[in-house]
Amino acid sequence: MKNFAQTLFKELTSYMKYNVLLNDPKQDSKSRNIFFIMNSVYLGFFISFLYGFIISLISYIFLRNSFYQYLHDFFIGFNCFITGGLLFGLTYQIYKTQEYIPNLLSRVFGETKLAENKIFHRHKTTYFSIKSSMRIVTIHIILSFLLFYFARFPYENKFLESTMIIYGCAMYGCAVYIGRKIFYVAQMLQSIEDIEFNEDLFSDNKLEGISTYINVVTTFTVLAVWFQVNSYYHGPFKYSSELGQAVKIFMFYLAIIAMPVLIVFNYYPKTLLRKLYTKSIDIKIEILNKELSSKENISEFEKIKYLSEKDKISRDELKYQLRLAINDLPLIITIIIMLADLALK
């Protein structure tokens, strides 16, 4: 046990040092974000495994008759290890990168212009509000507690039942925290739909990071919600309360509240990007027109150059829209698999 504790401490220390390096602004931002996503997922699975291991160890020492049942239920029956790993890891990732979208918008459109947008400012304030996050998370933790209370975990021992309830409530709390952040990111993006700008956003693809962020978050969230709903819906609850099997239908409640938010978050921001880039292309073409109009004598070569440039812009727009459509596929495929699996069972 002493060697295990020493190894654990060394690994955690190494992980923290590595995260400090990854968060160093001198490091390449894209590489940093890619590795940081990996670290967040691994950390989530580590926390999930550590919780299951510690409680299983306690049950082995003090409640040996319940050890194998608890070990099976945690890692297989309720699939807590995978579900918790995804949700805890994604929650940590969302928390550490919550400033990414607001900062990106500030760099592109300017802090002053965004500050003048009262709707954007209101959504941004709510997005960062810890009090608002804790309020909605607490409400859903209470609801999940009631759900588990009436579903009844299959343990006579109150300690083991309590550890499962605490873990389950924590997962629901993380899922709601993720959903809330996603919702307000979509709200902030919606509030800048009609923002005025006079620069070329398209050529440098200045808003590229938004699509990457959306794809990663929505795909991981859909996977986490599917594992959570599927695992608890088919989990070995006793359903011995006065509500009986009727409680089972409420296991879908997380998917019911998550799906609308995820669908809106996945598709609307990409529609917004199309609109902003289309406007950017129009600005670019207008600049070209002005350059040609300012010249008295336009040679045939200049006309060809102008038409080629205009054609290139149009092709780039079409290519970008196609790329956005292809990027929608991961979420669509995931949703189809999720619904088909539940229906077949």
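**A surface patch and a helical core**

In this predicted model, a nonpolar patch on the surface is formed by Ile139, Ile142, Leu143, Phe145, Leu146 and Tyr149, which together have about 540 Å² of accessible area. Tyr149, one of the patch residues, is found in helix α8. With a relative accessibility of 40%, Tyr149 counts as partly exposed, because that class lies between the 20% limit for buried and the 50% limit for exposed residues. For the protein as a whole, the accessible surface comes to about 19,100 Å², and carbon and sulfur atoms account for 65% of this area.

The fold can be read along the chain as α-α-α-α-α-α-α-α-α-α-α-α-α, with 13 helices and zero strands. Of its 345 residues, 43% count as buried. Contacts between residues at least 6 apart in sequence are made up to 83% by pairs at least 24 apart.

Turning to the interior, the largest nonpolar core holds 72 residues, and those with the most contacts inside it are Leu105, Phe109, Leu207, Ile210, Tyr232 and Phe237. Two or more residues of this core are given by each of α3 (64–77), α4 (80–96), α5 (100–109), α7 (118–128), α8 (130–151), α9 (158–191), α10 (208–233) and α11 (253–293). The largest share, 18 residues, comes from α9. Helix α8 is thus a contributor to the core as well as the helix that holds Tyr149.

Leu105 offers a helpful view of the core's connections. Leaving aside residues up to four places away in sequence, Leu105 touches Gly110, Leu114, Phe120, Leu189, Ile192, Leu207 and Ile210. Among these partners, Leu207 and Ile210 are also listed with Leu105 as residues with the most contacts inside the core.

Note on methods:
Residues are numbered from 1 along each chain as its sequence is written. This is a predicted model: local features need pLDDT of at least 70, side-chain atom pairs count only at pLDDT 80 or more; totals for chains, interfaces and linings use all residues. Side-chain values use heavy atoms; hydrogens and water are left out. A nonpolar core is a set of buried Ala, Val, Leu, Ile, Met, Phe, Trp, Tyr and Cys residues joined through side-chain atoms within 4.5 Å. Buried means under 20% relative accessible area, exposed over 50%, partly exposed in between (1.4 Å probe, protein chains only). Helices (H or I, at least four residues) and strands (E, at least two) are DSSP runs, numbered from the N terminus. Contact means heavy atoms within 4.5 Å. Accessible areas come from the Shrake-Rupley method with a 1.4 Å probe; for residues, only the protein chains shown count as cover. Patches are made of residues with over 30% relative accessible area and no salt bridge: like charges are joined within 9 Å, nonpolar side chains (Val, Leu, Ile, Met, Phe, Trp, Tyr) within 5 Å. A salt bridge is a side-chain nitrogen of Lys or Arg within 4 Å of a carboxyl oxygen of Asp or Glu.
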